[in-house]
Amino acid sequence: MPLTRRHLLQTAAAAGLAPLLPRRLIAETTIGSGRLITVSDGNLVLPGDFIFAGMPEAELTDILAAQGVDRQRLTPECNVTLWQDGDQTVLFDVGAGSTFMDSAGELLGNLEAVGVSPDQVTAIVFTHAHPDHIWGLLDDFDDLVFPQARYLMGREEWDYWWDPATAETIGVERQAFAVGARRRMEVIEDRIERFEDGAEILPGLASILTPGHTPGHMAFELRQGNEAALIVGDSIGNDHVAFARPGWEANSDQEPELAARTRVALMERLAQEQMPVIGFHLSQGGMGHVERAGHAYRFVPL
């Protein structure tokens, strides 16, 4: 199924899916001496098949009905994680910017609402390079929105989107994703800091390779003393089927089988350790806990 911005908007319009006004939900907690919050970049507007295509339809219908989720219309939140501790002001991803989808691109106004200006951001850490995570890197004049920040991305993720062959092999439906990522990465080529799985990339922040949604997708464990949280990006991409059936392959993942294995492992760890989880597209601000629910799981918002 085509996944280009134009196709998504045309499909949404045909189905009567008008863009929603941006959400300003913010969730907040503390980890040690630091402040961990989510800042809304608005929301996406997607046809249901963006995620659900190919899933067992009868069982899917029951799961969605039990959770009040519309099979045809999805409006996932876009929750950018902000970490502040001492002289660190760290953003995990930068949102969609102004050119991807009208209902997204609200990060800067919402950062201002929590007292953070772009010049105060000391580091940008990318989970991956899909449009709603990296297109907010540049403003409408192609200048850096966060000029004082360091920029950090996993080496495998960087290499994948930097490779000119990616745009040729990713498929027509995602070709604009590859071109858009490369254009923004060219601006920070001389500033990017690449890292491997398991690296401590900033004080108290360790990378965890969580591949499948993209080939080099990264999650991050933030830890101070006995307190920790796991920032999972899109490796857990929603709080309905991803929790009820984490082993199901999702159409939104670039490598669905690998993404499902990654998701199952994350769910087990999060449920066992009861570590707070922050997900880019999880609901009610994206911050909460994972609980077991029979043979599946459920998301409990903060």
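This is a friendly conversation about how a few residues in a predicted model get their labels.

Trainee: Let me start with burial. Why is Asp-41 called buried?

Mentor: Its relative accessible area is 1%, and buried means under 20%, so Asp-41 counts as buried. You will find Asp-41 in strand E2, residues 34-43.

Trainee: What does the side chain of Asp-41 reach?

Mentor: The side chain of Asp-41 reaches the backbone nitrogen of Leu-107 at 2.8 Å. A polar contact needs N or O atoms within 3.5 Å, and the 2.8 Å between Asp-41 and Leu-107 fits that distance limit.

Trainee: Which label does Glu-168 get, buried or exposed?

Mentor: Exposed, with a relative accessible area of 67%. The cut-off for exposed is over 50%, so Glu-168 passes. Glu-168 sits in helix H7, which covers residues 164-169.

Trainee: What makes the surface patch with Glu-168 negative?

Mentor: Look at the members: Glu-156, Asp-159, Asp-163, Glu-168 and Glu-255 form the patch. Asp and Glu count as negative, so a patch formed by these residues is called negative.

Trainee: Now to pairs. How do you know that Arg-245 and Glu-59 form a salt bridge?

Mentor: Their side chains meet at 2.6 Å, N to O. The rule asks for a side-chain nitrogen of Lys or Arg within 4 Å of a carboxyl oxygen of Asp or Glu, so this pair qualifies.

Trainee: What does the pair of Arg-245 and Glu-59 tie together?

Mentor: Arg-245 lies in the loop between helix H9 (241-244) and helix H10 (256-273), while Glu-59 is in helix H3 (residues 57-67), so the pair ties together parts that are 186 residues apart in sequence.

Trainee: Why are Arg-245 and Glu-59 called partly exposed?

Mentor: Arg-245 has a relative accessible area of 29%, and Glu-59 has 32%. Buried is under 20% and exposed is over 50%, with partly exposed in between, so Arg-245 and Glu-59 both get the middle label.

Trainee: How many salt bridges does a search of the whole structure find?

Mentor: The search finds 15. One of them joins Arg-223 to Glu-221, with the closest N and O atoms 2.7 Å apart.

Trainee: What labels do Arg-223 and Glu-221 get?

Mentor: Arg-223 is partly exposed at 34%, whereas Glu-221 counts as buried at 14%. The value for Glu-221 is under 20%, so buried is the right word.

Trainee: Which residues are linked with Arg-223 in a network of salt bridges?

Mentor: The network links Arg-223 with Glu-221, Arg-269 and Glu-273.

Trainee: What makes Glu-291 and Arg-298 a salt bridge?

Mentor: Their closest N and O atoms are 3.1 Å apart, and the limit is within 4 Å, so the label holds. Glu-291 is partly exposed at 31%, and Arg-298 is partly exposed at 42%.

Trainee: Let's turn to the backbone. Why is the phi of Asp-142 worth pointing out?

Mentor: Asp-142 has a positive phi of about 65 degrees although it is not a glycine. Most residues other than glycine have a negative phi. Asp-142 is in the loop between helix H5 (131-134) and strand E8 (150-154), and it is partly exposed at 40%.

Trainee: Where does Gln-284 lie, and what is its phi?

Mentor: Gln-284 lies in the loop between strand E14 (277-279) and strand E15 (287-293). Its phi is positive, near 55 degrees, in a residue other than glycine. Gln-284 is exposed, because its relative accessible area of 53% is over 50%.

Trainee: One last label, then. Why is Glu-157 called buried?

Mentor: Its relative accessible area is 0%, which is under 20%, so Glu-157 counts as buried. Glu-157 is found in helix H6, residues 155-162. Its C-alpha atom is separated by 26 Å from that of Gly-54, and the two residues are 103 residues apart along the chain.

Definitions and conventions: Residues numbered from 1 in each chain as written. Predicted model: local features only at pLDDT ≥ 70, side-chain atom pairs only at ≥ 80, totals over all residues. Heavy atoms only, no water. Patch = residues over 30% accessible without salt bridge, like charges linked within 9 Å, V, L, I, M, F, W, Y side chains within 5 Å. Areas by Shrake-Rupley, 256 points an atom, 1.4 Å probe, with all protein chains shown as cover. Charge placed at Lys NZ, Arg CZ, Asp CG, Glu CD. Helix = DSSP H or I, 4+ residues; strand = E, 2+ residues; numbered from the N terminus. Buried < 20%, exposed > 50% of the residue type's maximum accessible area, 1.4 Å probe, protein only. Polar contact = N/O pair within 3.5 Å; in protein donor to acceptor, adjacent residues only side chain to side chain.
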